[in-house]
Amino acid sequence: MLRIENLSAWYGEAQVLREVSLEVAAGEVVTLVGRNGAGKSTLLRSVMGLHPGQRGTITLDGRDVTRLPAYKRARAGLGWVPDDRGAYATLTVTENLTLPPRVGPDPWSLDRIYEAFPALHTRRDSAATMLSGGEQQMLALARVLRMGARLLLCDEPTEGLSPLLVQQVGDLLREAKQHGVTVLLVEQNLHFATGVADRHYLLAEGRIAEAMDNSEVRSRERELLAYLGI
Amino acid sequence: MSGFLQNTFNGLVSGAFYALLALGLAVIFGMLRVVNFAHGAFYMLGAFGAYVLLAEAGVPFWAALVIMPLALGLLGMVLERAVIHRLTRLDPLYNFLLTFGLTLILQDLVKSRYGTQSSPYHTPDELSGSVDFGLFDFPTYRVFILAFTVLLCVAVWWVLGRTRVGMVVRAATERPELTRAFGIDVGKWVTPVFGFGIALAGLAGVLAAPMRAVNPLMGADLIIVVFAVVVIGGLGSIFGSVAAGFGIGLIQAWGEAYLSDFPIVSQTVVFVVMAVVLLWRPAGLFGREEAPA
């Protein structure tokens, strides 16, 4: 579904991605792990079309999207779940959910979202920034499900959440996967990553250092945690 | 008592002009991150256009009230496409140079043909005379301005707050890059929003023609106070700009009435208020700190 070939990216003079190539098949959940500054978020931003300084090729369903602006990539089925959760202060919760156009074949209805997230329903007319951190994360995920996005780009959706909420995010991603949604996930929580994902890429200094499956991550958990500095 | 009401009413009428101009500046800044120093020149063009239409073509006030905002809105959209949109990637200094330069060009174009003498514009017959409110009476035309402006601000408020277009503009104003990532072509909305802001300035100009001296510098005199209004309300805040517009109109009118023995105080009170607000809330009364993209 998503194919990245020889992607390099820069922040000014500093190169943060070096010839990264990877693939995500339709219906897969794939994580990017790596230390802070390894280039995980930049990789996600590049796929979304939010990082200007880049070289390489990004294809979505066989279509070259490398030169497409971000809004066209979103309409092609990419769902953006930013690391700061992207809640708009000047929009209500409902408006936050209905802002993006419907782009996919199987968008969630607002009713279904409010049934799955009663807290969002209760606060539907409040400014989205009045929600708690966990509720804002649910809002960010619910928003791309309502779009009907086919490939979710999630930047650390569990960061700063309580264990109960982490479990909820996991349930939600597994449910999306069951409906055929593909997910590319930046994640530091290895336990969570092996719980939801099929495969993992370890990013180090802007390169893909290793590709691992769940059993490999589990058996090397101690070594990986030490490497990640967690 | 009736003197106080009289002053309050006059303050609200000047506030109406500040509100219309500040509202235009606010939507333009919100969407483009451009501070339009040429806003006063478009206000002047609105008033001058109404004068020229009447004097040279016999076009009445009511027609000018429609024609001038549309024409200037269109001119604004052309200017946005031609030059203004280039500012977004440049140092803010160019923002000042370009829009201030536009002001001088527009002012001098008018000056070279009509001179700096003020031109009279008669109040339309339907709005001459005064309205009796019992304790006092007010000029009909001023009552009209106040009612019309309040209705217009409420309409803009409704469009921004309750419609899909308004939702997109709010989202794009708050976080343009994030909004693109949600499938919205933010660039498509920039030109119409700029044109709309300019049209509001033109409209304020037409409304001002019958009660203010129509001359090429009328915008330059007013815009300094309007910038104080925008800063007090919070740059880019729609509600803040309107509220501060009416508020400053009131403070100015009261200052002129009750502090007339201290002209230094009554003439500078607006800027004292601005300084105090900025010390207390650097982003303005209703402004928010810049959010990350």
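User: Helices here are DSSP runs of H or I with at least four residues, and strands are E runs of at least two. On that basis, what percentage of residues 92-110 of chain B is helix, and what percentage strand?
Analyst: This is a predicted model, and in it that span is 100% helix and 0% strand. The end C-alpha atoms of residues 92-110 lie 28 Å apart.

User: What does UniProt call that stretch?
Analyst: The unreviewed UniProt entry gives residues 92-110 of chain B as a "transmembrane region". Other spans with that label include 12-30, 141-160 and 262-280.

User: And what about 141-160, how far apart are its ends?
Analyst: The end C-alpha atoms of residues 141-160 of chain B are 28 Å apart, and the span is 100% helix with 0% strand.

User: Back to α4 of chain B. What span should its 23 residues have?
Analyst: Helix α4 (residues 92-114) should span 33 Å at 1.5 Å a residue, and its end C-alpha atoms sit 33 Å apart, so the two agree. Right after α4(B) comes B:G115, with a positive phi near 70°.

User: Which α4(B) residues are buried, and what covers them?
Analyst: The buried ones are B:L98, B:T99, B:T103, B:L106, B:Q107 and B:V110. Their cover includes α2 (39-57) and α9 (218-233) of chain B.

User: Since you mention α9, where is B:L235?
Analyst: B:L235 is in the loop between α9 and α10 (238-258) of chain B.

User: Buried or exposed?
Analyst: Buried, because B:L235 has 22 C-beta neighbours inside 10 Å, and 20 are enough. Beyond its neighbours within four places in sequence, B:L235 contacts B:F29, B:V230, B:G284 and B:G287.

User: Switching topic: at what angle do α1 and α5 of chain B pack?
Analyst: About 35°, with the axes of α1 (residues 2-32) and α5 (residues 140-162) 9 Å apart. The crossing of α1(B) past α5(B) is left-handed.

User: Which residues make that contact?
Analyst: α1(B) brings B:L12, B:V13, B:A16, B:A19, B:L20 and B:L23, while α5(B) brings B:R142, B:I145, B:L146, B:T149, B:C153 and B:V156. By class, that contact has 10 nonpolar, one polar and one charged residues.

User: Last one: how many residues does each chain put into the contact between A and B?
Analyst: Chain B gives 15 residues and chain A gives 20. On the chain B side, the elements giving two or more residues are α6 (164-174) and α7 (176-181). The chain B residues there split into seven nonpolar, one polar and seven charged.

Note on methods: Residues are numbered from 1 along each chain as its sequence is written. Chains are lettered from A and ligands numbered from 1 in the order in which they are written. This is a predicted model: local features need pLDDT of at least 70, side-chain atom pairs count only at pLDDT 80 or more; totals for chains, interfaces and linings use all residues. UniProt positions are given in the numbering used here, feature names are shortened, and annotations may be inferred rather than shown by experiment. Two residues are in contact if their C-beta atoms, placed from the backbone, lie within 7 Å. Ala, Val, Leu, Ile, Met, Phe, Trp, Tyr, Cys and Pro count as nonpolar, Asp, Glu, Lys and Arg as charged, and the others, Gly among them, as polar. The expected span of a helix is 1.5 Å times one less than its number of residues. A residue is buried if 20 or more other C-beta atoms lie within 10 Å of its own, exposed if 12 or fewer, and partly exposed in between; C-beta atoms are placed from the backbone. Axes are lines fitted to C-alpha atoms, for helices over the stretch in contact, and angles run from 0 to 180 degrees between N-to-C directions. A crossing is left-handed if the near helix is turned anticlockwise from the far one by less than a right angle, and right-handed if clockwise.
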